[in-house]
Structures are given as C-alpha cells and as structure tokens.
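Student: I am new to this structure and would be grateful for a close look at a single part. Please describe how its strands are arranged.

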Amino acid sequence: MRLGGSGEDEADSDSDSDSDSDSDSDSDSDSDSDASFSRSWALVAAGKSASCALTAGQQVFCWGGAGRGTLGLGTGLGADVVPRPTLLAGLGRARTLSLRWDTACAVGAADLRLRCWGENGAAQVGVPGLGSTVPEPVLVPTDAKGIFVQVSTSRAATCARSLFREVYCWGDNQAGQVGLWTQQVLVQETPVSLPPPAGLRWRAVAVGHTATYAVAEP
C-alpha cells in the first residue's frame, strides 16, 4: 500500500494485509451472516477473553467476552458473550489492529488515525476523561504527526509508530514501559512522543506488561 504524502511504501510489522489482492477485497461484505466465514482473513489478534480479526477487505470483526468493552460493539449487546465474529460497523476500514489482554486499537485505512477501545483502567486507551471501560472505538488525540502505521497494545500500556517513524506511548508507567525516564509519572493519560537514539528513526515497537521494545534504524 502506498500511503499518501509519504513518498515511500511503509511495511507494517503487525500485518501483511497490504499485500492482499483486489479479488480478496471483493469477497468481503458488510454482512456478518454465515457466509462471512468464507472471507479472507488477513490478521487475527487474541486477548484475555476476546479476539478480533482484520479481513483482506480491511474490515474488523470481534467476538468473545464483552465484559470489558473489548469487542468495541457498544453497551447494547444484551449478552456477556458474542460467540460469532461480528463486524465493528462504527470503526470503518482499518489498516492494522492490535488486541492484547482487554484493550484493542486499530489504525484507520483512509486517515491513518488511531482508535482504541476496551479496558482503560490505566489510561491505555489514550483519551483523558473516560471511564475504566471504553465500549466503543474512540479517536486517540495526537499532534499533527500522529498518523500511524503500527500499534501495539498490552495489559496496561499502548504504543504506536507514526508514518514519520515516531513512537508514541501512553498508559501505565510504573515500570517505565511508557518510556518516561521518571517514576514520578505513574500513569500517562495521553500519547507522548519518545525520541529515538541520535541519528536513528524508529522502525517498529512492541509493548509488553512491564517493558517496551523498539527497533531503530538510520
């Protein structure tokens, strides 16, 4: 996929969905009927009690436990469990997604903006003023460079890499996993940009429960 304005093709470390053909995309529809299970899946992510998947046509489906908002389907489900893949109609098409534990995020296919939902007890959704559970995708506010090609969620923190090879992190920082070099900030409620080593740019990022890992290159 060629991303507008960059002048280069970006490879997404979390997903190879960009390589799918138009014929795969044509097979996707907005229906979540039984016929939908013949669609071409490009990426799947499993959390603590739910799973989400991205189709070759860039649609996101989720299923499993709905107790922490992990499915992103809102509050009117009428059930604690959704056993079949269900389309996140309000999300729109996505380039890639990440789901670990009970928090999920997806990068928009058209605008490259980041939307997150699910568990938010440590501000890992990245939007101040929300409760401990966010049942539907919400736009994560960032600066003008906050258009993304990769996202990594964890139990209590989230990081994402922008089109401009910048890394942003937010959420639980008790072990320094957000990258703030001080124990005085235990929870970072909004994305903060982390500078790479001198002369390098970030290539990929992955956040775990108590540590974050990133690859940098010239």
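**Strand pairing**

Tutor: In this predicted model, 4 strands form an open sheet, in the order E5-E6-E7-E8, with antiparallel pairing. Strand E5 (94-100) and strand E8 (133-139) stand at the edges; each has a single partner strand, so one side of each is left without a neighbour in the sheet. From one strand to the next, the twist averages 10°.

Within this sheet, strand E6 (residues 103-108) pairs with strand E7 (residues 114-119) in the antiparallel sense, and the pairing runs over 5 bridges. To locate this pairing in the model, one may look for Ala104, which stands opposite Trp117 in E7. In a regular strand, side chains alternate between the two faces of the sheet.

Further along the chain, attention may turn to strand E11. Strand E11 (residues 167-172) is mostly covered, with 6 of its 6 residues buried; a residue is called buried when its relative accessible area is under 20%. Strand E10 (residues 157-162) is joined to E11 by 5 bridges, and the two run antiparallel. Here Ala157 stands opposite Gly171 in E11. E10 and E11 form a hairpin with 4 residues between them. In the turn of this hairpin, Arg165 has a positive phi of about 65°.

E11 also pairs with strand E12 (residues 187-194), in the antiparallel sense and over 5 bridges. In that pairing, Val167 stands opposite Leu194 in E12. Strand E11 therefore has pairings with both E10 and E12.

Note on methods
Residues numbered from 1 in each chain as written. Predicted model: local features only at pLDDT ≥ 70, side-chain atom pairs only at ≥ 80, totals over all residues. Heavy atoms only, no water. Pairing = 2+ DSSP bridges. Axes fitted to C-alpha atoms, helices over the stretch in contact; angles between N-to-C directions. Buried < 20%, exposed > 50% of the residue type's maximum accessible area, 1.4 Å probe, protein only.
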